[in-house]
Amino acid sequence: MSTRLAVDLDGVLANFVYGFVKYVKSGVMVYSPYEKWVETGYEPRAWDFPEIINRELFKQAISTFHEQPLFWQSLPSYVANCNAMAEFLAQRPDVNVVYLTARPSPSKGPSALVQTNRWLRAQGLLGDAASVVVVMDWQSKVKIVEILAVDAVIDDHPLTIDRIRLKGACGADAKLLSRPWNRDANLPRCDSLKEWLDSIK
Ligand SMILES: [Mg+2]
């Protein structure tokens, strides 16, 4: 059977931080003085964006951001990671890639699945052996890894990686992609997507 990989999107290939902060800034929610977040390439040091927003407003923003039309398909990419992914797809047609992402859909307009397919196509990342699975939450990701008998997983979310490793039964080798917001997690990790892809047998 072909090797199967599960690759997370937000925080790995897609710059969710940029889209989310843009949304937060479009309201009156953001703390000043974070005006120059684009120029500085702001990356939060924790999951709830503590530098720019308080917990209450974060809860509000995280439950509404996806209602913006075309939020998912408008996200910028992490260029180096997308380049590494495209190169891998070209060189390793023997490997099956599943883009495994937990994304809510807007109540109107194209679903998260449609937007995600469009985004990946625009990035040149939907090759012959690549497919997309959109789920509602990280717990569902763990189930999908088991159901699809995935061999290796990369994700920036510590709980996802931890649970996949704990389950163990499916044999998936799960690694954390290092990001500022997961630096405290004590889990096997890679510093770049290229490093991870180079390790795939
Ligand atoms: Mg992620």
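Trainee: Why are Val79, Ala80, Glu87, Ala90 and Gln91 of helix 4 called exposed?

Mentor: A residue is exposed if 12 or fewer other C-beta atoms lie within 10 Å of its own, buried if 20 or more do, and partly exposed in between, with C-beta atoms placed from the backbone. Val79, Ala80, Glu87, Ala90 and Gln91 count as exposed, and they sit on the other side of helix 4 from the buried residues Asn81, Met85 and Phe88. Bear in mind that this is a predicted model: local features need pLDDT of at least 70, side-chain atom pairs count only at pLDDT 80 or more, and totals for chains, interfaces and linings use all residues. Residues are numbered from 1 along each chain as its sequence is written.

Trainee: How do you know that the buried residues line one face of helix 4?

Mentor: Look down the axis of helix 4: its buried residues fall within an arc of 65° (taken from the directions from the helix axis to the C-beta atoms), so they line one face. They pack against helix 8 (193-198), where contact means C-beta atoms, placed from the backbone, within 7 Å.

Trainee: What makes the reach of helix 4 close to the expected one?

Mentor: A helix here is a DSSP run of H or I with at least four residues, a strand a run of E with at least two, both numbered from the N terminus. The expected span is 1.5 Å times one less than the number of residues. Helix 4 (residues 79-91) has 13 residues and reaches 18 Å from first to last C-alpha, close to the 18 Å expected.

Trainee: Why does Tyr99 count as buried?

Mentor: Tyr99 has 24 C-beta neighbours inside 10 Å, and therefore counts as buried. Tyr99 belongs to strand 2 (residues 96-102). Leaving aside neighbours within four places in sequence, Tyr99 is in contact with Val7, Leu9, Leu120, Ala130 and Val132.

Trainee: What makes the crossing of helix 6 and helix 7 right-handed?

Mentor: A crossing is right-handed if the near helix is turned clockwise from the far one by less than a right angle, left-handed if anticlockwise. The crossing of helix 6 and helix 7 is right-handed. Their axes come within 9 Å and cross at roughly 35°, the axes being lines fitted to C-alpha atoms over the stretch in contact, with angles from 0 to 180 degrees between N-to-C directions.

Trainee: How do you know that the radius of gyration agrees with a compact globule?

Mentor: The rule, over C-alpha atoms, is 2.2 Å times the number of residues to the power 0.38. With 201 residues that puts a compact globule near 17 Å, and the chain has 17 Å, so the two agree.

Terms used:
Contact = placed C-beta atoms within 7 Å.
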